[in-house]
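Student: Please take a close look at a single part of this structure and relate it to its surroundings. I would like each criterion to be stated where it is used.

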Amino acid sequence: MPSTTPDAAESDHPGTSPDRGPTAGPTLDDAIAFATRMHTGQVDKGGEEYIGHPLRVMATVVHTAGPAGVDPHCAQLAAVLHDVVEDSDTTLADLTAAGYPVPVVAAVAALSHRPDESMRDYLAHPLAVVVKRADIQDNSDPARLGRLSAERAEHLATRYAGRRELLDDLVCARDGQM
């Protein structure tokens, strides 16, 4: 589990850090290292190291978070961690105990698939929506799908197109009601 850096622990002001401002939680580098450890040995559908997926999602949200009205730093943290609860022994309590911000843990919770959960449940958390959009974008990337059999690629392309359409429709419906 990531730990806070010495500068945060030694700060004269609890909850602040000279290098990171008003947080003593894990840095983005801490989150990347943690996610890398949690995904070690896992591979994606194309047989590549799984950690590449959350890193690409993280790279996307840095550009999409601000325009969507969410904090880019929290979006990056949530993006790189978005599959650790679903795909490892990590729990939401572990992320909280490690010091990740409440919005990040809430987004990871919303993005962690539960058998009885629908995509509608993601919409309660704008940060989760930003990460989910980037997740779908990466999962449906033609370069990634091109490494799969034609049948598998077509199945996944259709699946992700449907999910993107559903997410867009639900977000538009939610925004129209506000």
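Tutor: The protein chain exposes about 9,300 Å², and carbon and sulfur atoms supply 55% of this area (Shrake-Rupley method, 1.4 Å probe; for residues, only the protein chains shown count as cover). The model is a predicted one, in which local features need pLDDT of at least 70 and side-chain atom pairs count only at pLDDT 80 or more, whereas totals for chains, interfaces and linings use all residues. Residues are numbered from 1 along each chain as its sequence is written, and side-chain values use heavy atoms, with hydrogens and water left out.

The setting comes before the part itself. The protein chain contains 10 helices and zero strands, these being DSSP runs numbered from the N terminus (H or I, at least four residues, for helices; E, at least two, for strands). Along the sequence, the pattern reads α-α-α-α-α-α-α-α-α-α. Of the 178 residues in the protein chain, 43% are buried, where buried means under 20% relative accessible area, exposed over 50%, and partly exposed in between (1.4 Å probe, protein chains only). Contacts require heavy atoms within 4.5 Å; among those in the protein chain with a separation of 6 or more, 58% join residues 24 or more positions apart.

The part chosen for close inspection is helix 8. Its 14 residues should span 20 Å at 1.5 Å a residue, and because its end C-alpha atoms are 20 Å apart, the two values agree; the expected span is 1.5 Å times one less than the number of residues. Helix 8 is mostly covered, with 11 of its 14 residues buried. Nonpolar members of this buried set include Leu127, Val129, Val130, Val131 and Ile136, but Lys132, Asp135, Asp138 and Asn139 belong to it as well.

In soluble globular proteins, nonpolar side chains tend to be buried together. Here, the largest nonpolar core holds 33 residues, and Val61, Leu81, Leu95 and Tyr100 have the most contacts inside it; such a core is a set of buried Ala, Val, Leu, Ile, Met, Phe, Trp, Tyr and Cys residues joined through side-chain atoms within 4.5 Å. Helix 8 (126-139) is one of the elements that give two or more residues to this core, together with helix 2 (28-38), helix 3 (52-68), helix 4 (72-81), helix 5 (84-87) and helix 7 (102-111). The most is given by helix 4, with seven residues. Another core, of six residues, lies apart from it, and Leu145, Ala153, Leu156 and Tyr160 are among its members.

The charged residues of helix 8 deserve separate attention. The whole structure has two salt bridges, defined by a side-chain nitrogen of Lys or Arg within 4 Å of a carboxyl oxygen of Asp or Glu. In one of them, Asp138 pairs with Arg56, with 2.6 Å between the closest N and O atoms. This pair links distant parts of the chain, since Asp138 is in helix 8 and Arg56 in helix 3, 82 residues apart. Asp138 counts as buried because its relative accessible area is 6%, while Arg56 is partly exposed because its value is 32%.

The salt bridge between the side chains of Asp135 and Lys132 has an N to O distance of 3.2 Å. Asp135 and Lys132 are three residues apart in helix 8, so about one helical turn separates them. Both Asp135 and Lys132 are buried.

Arg56 leads from helix 8 to a further acidic residue. Asp44 sits in the loop between helix 2 and helix 3 and is buried because its relative accessibility is 8%. Residues up to four places away in sequence aside, Asp44 touches Arg56, Tyr50, Arg144 and Arg147.

The loop of Asp44 also holds Gln42, which is partly exposed at 23% relative accessibility. Beyond four places in sequence, Gln42 touches Glu48, Glu49, Tyr50 and Asp87. Its side chain makes a polar contact of 2.6 Å with the side chain of His39 (N or O atoms within 3.5 Å; within protein, one able to donate a hydrogen and the other to accept it, and sequence-adjacent residues count only if both atoms are side-chain atoms).

In summary, helix 8 contributes to the largest nonpolar core, holds both Asp135 and Lys132 of one salt bridge, and supplies Asp138 to the link with Arg56 in helix 3.
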